[in-house]
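These are my notebook entries on one protein model. I looked up its pockets first and a few single residues afterwards.

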Amino acid sequence: MELLDAVKGRRSVRKFTDLPVSRDTIEKILEVTDYCPNAGNRNSTKIVVITDRAVIDYIGKAHMKVITNFNKGIIAPPTDEEIEAAASAFHNAPTVLALFGPENFYFSSPDAYIMAQNIALAAYEQGVSTCIVGEVLNSLATEKGKRIQKEMGIPEGYVPQTFVTMGYCDGEYPKHPKRNYSDVIYV
């Protein structure tokens, strides 16, 4: 597959089948991470492959509640009760990649998003559907979230930068939306 074909063809998918993505396929997809540009060649983005349903559900619900609160101007971490009652931002994805970066490094977020885009394109090439889920505040800032992050082996001082949901599209693959980015200005 040509790169331009992947760029033109890949869409964000939010409805997945229950079929898991094999470890072999995930490893093929993650090969691209060795070639991602990053600020200062620091290579500081950490990737966690999550397939544990309970962990996916907790982080997905915490993330959705953080986003909902953020849109209301609330930046305090949600309570466990609020998280439990929330829908998941990860929908029913069987695999979620969590990309972490240093908390106080200005380019942590851009580095992670560049990596997420490369992962999404590599996944498309492998026939795996994805959705890049943006992180605006730390979805793991709760006590339970901090424990989960520690259990993942992520060092202190690192926070989630973005997530990539991954699985196989359930239903019709999304169509290309109507867009017009041809208004380029040359100076």
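**Entry 1: the largest pocket**

I started with the largest pocket, which holds about 270 Å³ of space. The model is a predicted one, and I kept that in mind for every entry. Rolling a probe the size of a water molecule over the atoms shows where empty space is left.

Next I looked up the lining, and 13 residues make up the wall of this pocket. K146, Q149, E156, G157 and Y158 are the ones that lie nearest its centre. Two elements, α6 (143-152) and β4 (158-167), each give two or more residues to the lining. Which element gives the most? I found that α6 does, with three residues.

I then sorted the lining of the largest pocket by class. Six residues are nonpolar, three are polar and four are charged.

**Entry 2: the second largest pocket**

The second largest pocket has a volume of about 220 Å³. I wrote down its lining in full: V7, K8, R10, R11, S12, Q117, L121, H176, P177, R179 and Y181. The elements that give two or more residues here are α1 (3-9) and α5 (108-125). By class, I noted four nonpolar, three polar and four charged residues in this lining.

**Entry 3: R11**

R11 was in the list for the second largest pocket, so I followed it up because its burial could be checked against the cut-off of under 20% relative accessible area. R11 sits in the loop between α1 and α2 (23-30).

How far away is the nearest side chain of opposite charge? It belongs to E172, at 11 Å. R11 is buried and has no salt bridge. A salt bridge needs the two charged groups within 4 Å. I did find a polar atom of the R11 side chain 2.8 Å from the backbone oxygen of K8. K8 also lines the second largest pocket.

**Entry 4: T33 and P160**

Is T33 buried or exposed? T33 counts as buried, because its relative accessibility is 16% and the limit for buried is under 20%. T33 lies in the loop between α2 and β1 (46-50). I also looked up its separation from V21: the two are 12 residues apart along the chain, and their C-alpha atoms are separated by 18 Å.

P160 is in strand β4, an element I had already met in the lining of the largest pocket. P160 counts as buried, because its relative accessibility is 4%. P160 and V55 are 105 residues apart in sequence, and their C-alpha atoms are 14 Å apart in space.

**Entry 5: two positive phi values**

Most residues other than glycine have a negative phi. I therefore noted two residues that go against this habit, N43 and H91.

Phi of N43 is near 50°, a positive value, and N43 is not a glycine. N43 is found in the loop between α2 and β1. I marked N43 as exposed, because its relative accessible area is 51% and exposed means over 50%.

H91 has a positive phi of about 55° and is not a glycine either. Its place is in the loop between α4 (80-85) and β2 (95-102). I marked H91 as partly exposed, because its relative accessibility is 35%.

Methods
Residues numbered from 1 in each chain as written. Predicted model: local features only at pLDDT ≥ 70, side-chain atom pairs only at ≥ 80, totals over all residues. Heavy atoms only, no water. 1 Å grid on protein atoms, 1.4 Å probe; cavity = no way out; pocket = protein on both sides within 12 Å on 5 of 7 lines; lining within 4 Å. Points joined across faces, edges and corners; volume = space filled by probe spheres on them. Helix = DSSP H or I, 4+ residues; strand = E, 2+ residues; numbered from the N terminus. Nonpolar A, V, L, I, M, F, W, Y, C, P; charged D, E, K, R; others polar. Buried < 20%, exposed > 50% of the residue type's maximum accessible area, 1.4 Å probe, protein only. Lys, Arg positive; Asp, Glu negative; His and termini not counted. Polar contact = N/O pair within 3.5 Å; in protein donor to acceptor, adjacent residues only side chain to side chain.
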